[in-house]
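This note is offered to a colleague who is meeting the structure for the first time. The points below are best read with the structure in view.

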Amino acid sequence: MSDNLKRAAAERAAELVTDGMRLGLGTGSTAAHFVTVIGERVRSGLKVVGVPTSEATRVQAQREGIPLATLDEMPELDLTVDGADELDDDLRLIKGGGGALLREKIVASASARMVVIVDGSKRVSKLGKFPLPIEVVPFGLTATERAIVKLLDSLSMTGELRLRMAGDGAPYVTDGGHFILDAHLDRIEKPNVLASTLNNIPGVVEHGLFIGLASGAILATGEGLVELGHL
């Protein structure tokens, strides 16, 4: 998907932003376009404060001149705009391909509304083709992994769990100091059930199923922008 289409989706999302808003700033290639657009508007006089969902977004937002706060300083947000790795027609998402799922979910949950901007290829009829990221604490990794496999088996889900690795050959470490297990499931028949039960496993910090968080989505497609839900 061309950068021009991602930029168009970001510009449409920026139309939702008004003076005085407290914004959650998402992570990823499409969300980065939104940060760029907001930076341009800030330099033209827009008054907003942003909470970044990752260190990478924080660096970009600072470079753009967007005033920033932490979620502790500003625990209630008006709007979060973020990307997604997959979304279905019920606006259920898989996120975390970039490794920022924990902060992304905390920020989205603190927001009055969340709007997703993605390219049209991310829209699916069933979630699961994209591997589901599960953020885990390093301590007891093997025991946590076994518990996840047991849960997946009980839900008749088969697939490989892979520890995400960094470019240097060591385990990938999130901004929060955790590891990520990517679950290659192909199809998730009951995402709501999986989301609620994964959280019961000791050692699981968070997972990439975002359910009931997104109120709307803007999809950049070859035929133009498509809007889902309520922006």
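1. A salt bridge is taken here as a side-chain nitrogen of Lys or Arg within 4 Å of a carboxyl oxygen of Asp or Glu. By that criterion, 20 salt bridges are found in the whole structure. The structure is a predicted model, in which local features need pLDDT of at least 70 and side-chain atom pairs count only at pLDDT 80 or more, while totals for chains, interfaces and linings use all residues. Residues are numbered from 1 along each chain as its sequence is written, and side-chain values use heavy atoms, with hydrogens and water left out.

2. One of the salt bridges joins the side chains of Glu-227 and Arg-12, at 2.6 Å from N to O. This pair links distant parts of the chain, since Glu-227 belongs to strand β13 (residues 224-229) and Arg-12 to helix α1 (residues 3-14), 215 residues apart. Helices (H or I, at least four residues) and strands (E, at least two) are DSSP runs, numbered from the N terminus.

3. Strand β13 also runs antiparallel to β12 (residues 216-221), with six bridges joining them; two strands are said to pair if DSSP finds at least two bridges between them. The two strands form a hairpin with two residues between them. Within it, Ala-217 stands opposite Leu-228 of β13.

4. An open sheet of four strands follows the order β8-β9-β7-β10, with antiparallel pairing. Because β8 (160-163) and β10 (204-207) each have a single partner strand, they stand at the edges, and one side of each is left without a neighbour in the sheet. From one strand to the next the twist averages 25°, with axes being lines fitted to C-alpha atoms, for helices over the stretch in contact, and angles running from 0 to 180 degrees between N-to-C directions.

5. Within this sheet, β7 (residues 132-136) pairs with β10 in the antiparallel sense over three bridges, and Ile-134 has His-207 in β10 as its bridge partner. Helix α4 (residues 101-109) lies across β7, β9 (179-184) and β10, at about 70° to β10; contact means heavy atoms within 4.5 Å.

6. A further open sheet has three strands in the order β4-β5-β11, paired antiparallel. Here β4 (86-87) and β11 (209-210) are the edge strands, each with a single partner, so one side of each has no neighbour in the sheet. Strand β5 (residues 93-94) pairs with β11 over two bridges, and Leu-93 has Phe-210 as its bridge partner.

7. The lining of the largest cavity includes Leu-102, Arg-103, Glu-135 and Asp-175. A cavity is a set of points on a 1 Å grid over the protein atoms alone where a 1.4 Å probe fits but cannot get out, and lining residues have an atom within 4 Å of a point.

Conventions. On a 1 Å grid over the protein atoms alone, a cavity is a set of points where a 1.4 Å probe fits but cannot get out, and a pocket is an open set with protein on both sides within 12 Å along at least five of seven lines; lining residues have an atom within 4 Å of a point.
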